[in-house]
Every structure is written in structure tokens, then in C-alpha cells.
Amino acid sequence: MSSRPPTDLPTYPPTDSPSALTITQLVVVLRTAVESAIGQVWIKGEVTSFKAYGSGHWYFTLRDAESAIRCVMWKTYTAKVVAAPVDGTEVYALATPTVWQERGELRVGVQVMLPTSGIGLQQLARERVRAALEKDGLLDPARKRPLPPFPRAIALVTSADGAALRDIITVTRKRWPAVALYLFPAKVQGEEAPGSIATALGQVNRWEGIDLCIVGRG
């Protein structure tokens with residue numbers, strides 16, 4: 001089979017072709033097509049990457065087992081929601097799909113959000129982990145150790161270049177500058193995170209003089 005392009009396609013860019021659209025024109029065409037084809041519709045999905053801004057607007061992603069789509073909910077509509085959703089919550093959303101002109105991205109504008117009777121995939125996974133830990137007695141209150149009121153040394157298990165590390169250092173220096181911080185780098189996201197965190201915690205357990213340990217991610 002020949003690898004050469006079909007002979008009926010142009011092999012040079014148009015110069016003054018009136019049929020060439022600007023990027024803005026293309027995005028406007030796409031936005032019009034999406035909005036006119038679908039309009040307002042009810043969708044169901046799991047909330048992830050939720051972030052509420054001081055302006056009152058919410059930005060988040062709705063997903064199911066196979067797909068995901070970015071969403072925005074303006075202050076006018078978030079003010080009518082009883083409580084902000086947490087990641088892993090499954091919801092019904094009355095929404096209008098559109099194309100965000102500045103980035104040419106498909107986005108859904110949500111006007112109404114209602115919790116479903118079910119739970120999302122992430123929440124379901126957390127519930128399963130919690131049930132397993134409870135079965136092994138690891139969440140028994142009797143196993144909990146009291147936190148030292150004035151720790152002298154704190155181990156930090158987190159990414160060496162993540163936002164969580166900077167936040168922990170900033171807050172600690174303001175509240176208890178005398179404490180010593182020891183970083184045990186670990187991957188805290190992705191498939192390798194569990195093994196990396198377990199290895200770091202093993203190192204913490206072998207380190208003498210640690211009063212408590214913080215495992216965190218941004």
C-alpha cells in the first residue's frame with residue numbers, strides 16, 4: 001500500500017482562500033452546533049476534582065466508568081445548592097453542554113445539582129477500604145494514640161516537589177517554628193503511590209526520635 005497522500009488533497013496551504021476559518025470562527029461554529037443539537041439535558045455522574053472559588057463559582061469534573069467531562073456551575077446556581085459536593089459524590093445535574101471559546105474545550109454549564117441515591121466510584125472504593133480496615137480492627141478507637149501537644153520532630157511523607165510540602169512547611173513555621181521537619185519523599189499519586197508510601201512509612205518507623213508523621217498530598 002502506498003504511503004503517499006491522495007492526489008485529490010491540496011499539497012500546499014491556502015493563501016487568500018475565503019473558505020479558511022479563523023480559530024475563533026471554528027470554535028463559534030462548534031459551540032453553535034453543540035448547543036443547538038443538545039440544549040439543556042439531565043446527566044448523571046460522579047463529582048471529581050471539585051474546587052469552589054471565593055467568587056462562589058464551582059469548577060469540577062463529572063465522570064462515569066469510561067468518560068469524563070469538565071463542568072462549571074456559576075454562583076447564581078451554586079447558591080441554591082444545599083451543600084457543596086465532595087469528590088466521589090454521585091449527582092444528577094441539569095446542564096447545558098457548550099464549547100468554551102477561549103480554549104476550544106467542550107464544557108458543561110450546570111444549573112441544578114441533586115444527589116442521587118447511589119454513591120460514586122471513588123466513594124464506593126473508600127467505603128470498601130474502610131470496611132476492610134474496620135474488619136481488621138485498624139480503626140478501633142482503642143488503637144489510636146494521643147497526639148503529642150508539642151512535637152519536637154515530624155516526619156513528612158509526601159512528594160518532594162508538591163504543593164502539599166510547601167503548605168505544611170509554611171503552616172508549621174508559623175505555628176511551631178521550633179519543630180524539626182524530616183522529609184521522606186514518596187509518590188502520592190498514580191498506581192505507584194501505595195507502594196511508594198508504604199516504603200516511606202517503613203523508613204519513618206526505623207527513624208528514631210520522630211514524634212508523629214504526616215502523610216499528605218496537594
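How do the residues of the lining of the second largest pocket divide into nonpolar, polar and charged? The tour below arrives at the answer by way of two pockets, two cysteines and one helix.

The model is predicted: local features need pLDDT of at least 70, side-chain atom pairs count only at pLDDT 80 or more, and totals for chains, interfaces and linings use all residues. Residues are numbered from 1 along each chain as its sequence is written, and side-chain values use heavy atoms, with hydrogens and water left out.

**The second largest pocket.** Select Lys80, Val81, Val82, Ala83, Ala84, Pro85, Val86, Thr89, Val91, Met113, Leu114 and Pro115, which line this pocket. A pocket is an open set of points on a 1 Å grid over the protein atoms alone, where a 1.4 Å probe fits, with protein on both sides within 12 Å along at least five of seven lines; lining residues have an atom within 4 Å of a point. The volume, that is, the space filled by probe spheres set on the points, is about 160 Å³. The lining divides into 10 nonpolar, 1 polar and 1 charged residues. Here Ala, Val, Leu, Ile, Met, Phe, Trp, Tyr, Cys and Pro count as nonpolar, Asp, Glu, Lys and Arg as charged, and the others, Gly among them, as polar. Strand β5 (residues 105-115) gives the largest share, 3 residues; strands (E, at least two residues) and helices (H or I, at least four) are DSSP runs numbered from the N terminus.

**The largest pocket.** Next, select Arg145, Pro146, Leu147, Pro148, Leu201, Val204, Asn205, Ile210, Asp211, Leu212 and Cys213. They enclose about 460 Å³. Two elements, α5 (193-205) and β8 (212-215), each give two or more residues to this lining, and the largest share, 3 residues, is that of α5. By class, the lining holds 8 nonpolar, 1 polar and 2 charged residues.

**Two cysteines.** Cys213, already selected as a lining residue, is partly exposed at 32% relative accessibility. Move to Cys71, which is buried at 2%. Buried means under 20% relative accessible area, exposed over 50%, and partly exposed in between (1.4 Å probe, protein chains only). The disulfide count is 0, a disulfide being a pair of cysteine sulfur atoms within 2.5 Å.

**Helix α4.** Finally, select residues 163-175, the 13 residues of α4, whose end C-alpha atoms lie 19 Å apart, in agreement with an expected 18 Å (1.5 Å times one less than the number of residues). Colour Ala164, Leu165, Ile168 and Thr172, the buried residues of α4. Viewed down the axis of α4, they fall within an arc of 100 degrees and so line one face of the helix; the arc is taken from the directions from the helix axis to the C-beta atoms. On the face turned away from that buried side, select the exposed residues Arg166 and Lys174.
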